Amino acid sequence: MAPSIFDRLRLKGKVALVTGASSGLGHRFAEVLVEAGAAVAVAARRTDRLAGLTKAIEQDGGRAHAVALDVTDPARIPAAIAEIEAKLGPIDILVNNSGTVVSERFLEHAEPNWDKVIDTNLKGVFLVAQAVGKRMAGRGKGGSIVNIASTAATVANKGTISYNASKAGVVALTRSMAMELARYKIRVNAICPGYFVSEMTAPYLGTEAGKEYLARVPMRRAGQPEELDGLLLLLASDAGSFITGSCVVIDGGETLDRA
Ligand SMILES: NC(=O)c1ccc[n+]([C@@H]2O[C@H](COP(=O)([O-])OP(=O)(O)OC[C@H]3O[C@@H](n4cnc5c(N)ncnc54)[C@H](OP(=O)(O)O)[C@@H]3O)[C@@H](O)[C@H]2O)c1
């Protein structure tokens, strides 16, 4: 008989890295990976927040390590990975979650803002995934990379032109990486969330326009970060052993009539 699905979802003995774990979805991803048994490296620029997260994880009996990482700084990435490996061991699971947005219409979008968004959301994924992917491939034990894209990859949201382009890039990157890395038993998938409650979305969701938007979502609300738990664990664990190159939308039906 095949091992139980509940056993295959467990991550005991695995090491995960979550970028952008200092708030929002990344913070939750770190918590659920620890709950499933993984040791988790949490990375971001705001290390004070990471320290609070690792303390809480350790108080609950989990293993975690905080690492300062700006994903737009290629020089910092090898040192951050070496630090994680020294503290927790080789990385089996990478969640590329760091992200940012600048709200400006296309004709007004300033080039430095374009660069900031593309460098963080797209080039940052490339840089971190390439560095971790090389380690996974060299080790020969496979791995799972989960890139956090967005429904903005496929629907034309107004006023977030560089964000939309960056997330479409993440989807393309995911599919191409999956093709090239399958031979190393490294699976690469993307999650495309719709609106979830976080620091990134709170300013918009709190406005009248945001509330009206949510009223048009079939489920009439934004998602809560923990509603991504199941999909993350499926993609990260052996339960998803034949899933690669997938980009899974999880949006309460928001884009059903637009995608
Ligand atoms: N919430 C949603 O509705 C939603 C929907 C679709 C997709 N997403 C995606 O989900 C991911 C998480 O977003 P969120 O909603 O949780 O937003 P958030 O609360 O603003 O979190 C963004 C995270 O990214 C990190 N980050 C930003 N720039 C960084 C950089 N240069 N280097 C390293 N880390 C950086 C931030 O940490 P520091 O500032 O401490 O570095 C923070 O931890 C993003 O990729 C976002 O595009 C979110």
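What follows looks at the ligand site and one aromatic pair in a predicted model. Residues are numbered from 1 along each chain as its sequence is written. Because the model is predicted, local features need pLDDT of at least 70 and side-chain atom pairs count only at pLDDT 80 or more, while totals for chains, interfaces and linings use all residues.

The ligand has 30 residues around it, counting those with a heavy atom within 4 Å of it. Ser22, Arg45, Tyr163, Phe196 and Ser198 are the closest. By type, the shell splits into 12 nonpolar, 13 polar (Gly goes here) and 5 charged residues (Asp, Glu, Lys and Arg). Helix 2 (24–35) and helix 6 (161–181) each chip in at least two shell residues.

Now for the polar contacts, meaning pairs of N or O atoms within 3.5 Å. The side chain of Ser22 puts an N or O atom 2.8 Å from a ligand oxygen. Leu25 uses a backbone N or O atom instead, also with a ligand oxygen, at 2.8 Å. At Phe196, a polar backbone atom lies 2.6 Å from an oxygen of the ligand. Taken alone, the ligand would expose 880 Å², and the protein buries 94% of that (Shrake-Rupley method, 1.4 Å probe).

Away from the contacts, there are 3 aromatic pairs, that is, rings with centres within 6.5 Å. One of them joins Tyr195 and Tyr213 edge-to-face, 5.3 Å centre to centre with 70° between the planes (over 60 degrees counts as edge-to-face). Tyr195 sits in the loop between strand 6 (186–193) and helix 7 (202–205), and Tyr213 in helix 8 (residues 208–216), 18 residues apart.

Definitions and conventions: Side-chain values use heavy atoms; hydrogens and water are left out. A polar contact is a pair of N or O atoms within 3.5 Å; within protein, one must be able to donate a hydrogen and the other to accept it, and residues adjacent in sequence count only if both atoms are side-chain atoms. Helices (H or I, at least four residues) and strands (E, at least two) are DSSP runs, numbered from the N terminus. Rings of Phe, Tyr and Trp (its six-membered ring) pair if their centres lie within 6.5 Å; planes under 30 degrees apart count as stacked, over 60 as edge-to-face and the rest as tilted.
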